[in-house]
Amino acid sequence: MNKFTNVNIKKEYKKKIRGIIIAIAFILIGLACRFWADVEEKNLNKNKTDLDSVITSSEKNKENKKVYLEIKSKPYLFAVSKSTKNKYYIVSDGEFLYIAYMSPEDFKKLNIDDITNNPIRIEGITKYTSKEIQKLAIDAYNEGIEEEDKLTLSDFDSYFGEVYLDMTKSDSEALTLPLILFVLCLGVGNILLLVVVISLLVFARSINKLDGILINELDNEMNNSNAFYYSRVRLYLTENYIINFNGSFRAVKYKDILWMYPYEVRRNGIKTQQSIKILVNDCKTYIIATIDVYTKKSKAVYNEIWDTIVSKNKDMRLGYTSENIKDMNKKVKELKKEKKNK
């Protein structure tokens, strides 16, 4: 890379290094957000109380307390909410029964066979149990129970407690922002790092393939006052060469171009990009001067590049016509045959 003295080549290299630094910064910010989320989670857990402790406490107001419970049984459905998909379940910590209100997603996580041996912690906010829910819980409990052992509504608080655990009302929203930032920054950082590193390797490899004599020649051409650099498309038009380093580094002599034509990219029928395609006498096709088609400035750059290349080679074919396609396919076959016979 250091073989070139041209300032724009050096800028291109520095730009890619800067991209790597930015990508690493995104990754570090993402990891910092993960640490932030862990700290928030620990702080939230410190402020939570075991549900049984709230139920048995002498505190008058037992509602809206942040609580947790280690359950050792599959949730038993006994009541459905009229306004949401959330439902009421009877759960147990292996010793006492409780009421939990949860979403279908939470139920799926808890409805597992080995929960008895591997308790799962649930969290939420305490809510006072309405008379309607109390009655439904008592009816569910009494199913299959001998008459003399059945509970009455007055037994509810002794068996289930006066509050239930509402899993849909959690304070875990405090973790949402740091976790979103963690996923976003880590994802952007990793993708950007991969793209920039690959781009840097391709760019460096394409330059390393050049011999010293050609590098000196290209360097002199780019540094010549007659050369013009189009920063918008990262392309030099020198006295004898098109030097393109949008992605990889490639130099093509004007006299080696056999065919040139516009190349368009369309999305939903709308032209979004326009490039120049050139067929060179090495039988390879290259894309250069890719611009967006939304601004007059971009179109002016494109037209200037096109006109300059045309002026440098009067013998090449222009335009994507059926005649040119036929003739160029024939020409490529001839060139490949000549190369094979050498």
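Select Gly-247 to begin, in the hairpin of S10 and S11, where five residues lie between the strands and Gly-247 takes a positive phi near 105°. Strands, like helices, are DSSP runs numbered from the N terminus (E for strands, at least two residues; H or I for helices, at least four). The model is a predicted one, in which local features need pLDDT of at least 70 and side-chain atom pairs count only at pLDDT 80 or more, while totals for chains, interfaces and linings use all residues. Residues are numbered from 1 along each chain as its sequence is written, and side-chain values use heavy atoms, with hydrogens and water left out.

Now colour strand S11 (residues 250-253), which pairs with S10 in the antiparallel sense over four bridges; two strands pair if DSSP finds at least two bridges between them. Tyr-241 is the residue that stands opposite Lys-253 in S11. On the other side of the selection, strand S9 (residues 235-237) runs antiparallel to S10 and is joined to it by three bridges, and S9 and S10 form a hairpin with three residues between them. Here Leu-235 stands opposite Asn-244 in S10. Showing the side chains of S10 (residues 241-244), you will find Tyr-241 and Ile-243 pointing one way and Ile-242 and Asn-244 the other way, all of them buried, where buried means under 20% relative accessible area, exposed over 50%, and partly exposed in between (1.4 Å probe, protein chains only).

From Leu-235, step to Ala-289, which is found in strand S14 (residues 285-292). Not counting residues up to four places away in sequence, Ala-289 touches Val-233, Leu-235, Gln-274, Ser-275, Ile-276, Tyr-302 and Ile-305, contact being heavy atoms within 4.5 Å. Ala-289 counts as buried because its relative accessible area is 2%.

Next, select Arg-267 in strand S12 (residues 257-267), which counts as exposed because its relative accessibility is 52%. The side chains of Arg-267 and Thr-272 are joined by a polar contact of 3.1 Å; such a contact is a pair of N or O atoms within 3.5 Å, and within protein one must be able to donate a hydrogen and the other to accept it, with residues adjacent in sequence counting only if both atoms are side-chain atoms.

Turn now to strand S2 (residues 66-71), where Val-67, Leu-69 and Ile-71 point to one face and are buried, while Lys-66, Tyr-68 and Glu-70 point to the other and are not. In a regular strand the side chains alternate between the two faces of the sheet. Strand S1 (residues 49-50) pairs with S2 in the parallel sense over two bridges, and the bridge partner of Thr-49 in S2 is Val-67.

Ile-71 and Glu-70 lead on to Ser-92, whose contacts, leaving aside neighbours within four places in sequence, are Glu-70, Ile-71, Lys-72, Ser-73 and Leu-97. Ser-92 lies in strand S4 (residues 87-92) and counts as buried because its relative accessibility is 13%. A polar atom of the Ser-92 side chain lies 3.1 Å from the backbone oxygen of Phe-96.

For the last stop, select Val-188 in helix H6, which counts as partly exposed because its relative accessibility is 35%. Together with Ile-22, Phe-26 and Leu-184, Val-188 forms a nonpolar patch on the surface, with about 310 Å² of accessible area for the four together. Helix H1 (7-46) and helix H6 (176-208) each supply at least two residues of this patch. Patches are made of residues with over 30% relative accessible area and no salt bridge, with nonpolar side chains (Val, Leu, Ile, Met, Phe, Trp, Tyr) joined within 5 Å and like charges within 9 Å; a salt bridge is a side-chain nitrogen of Lys or Arg within 4 Å of a carboxyl oxygen of Asp or Glu. The accessible areas come from the Shrake-Rupley method with a 1.4 Å probe, and for residues only the protein chains shown count as cover.
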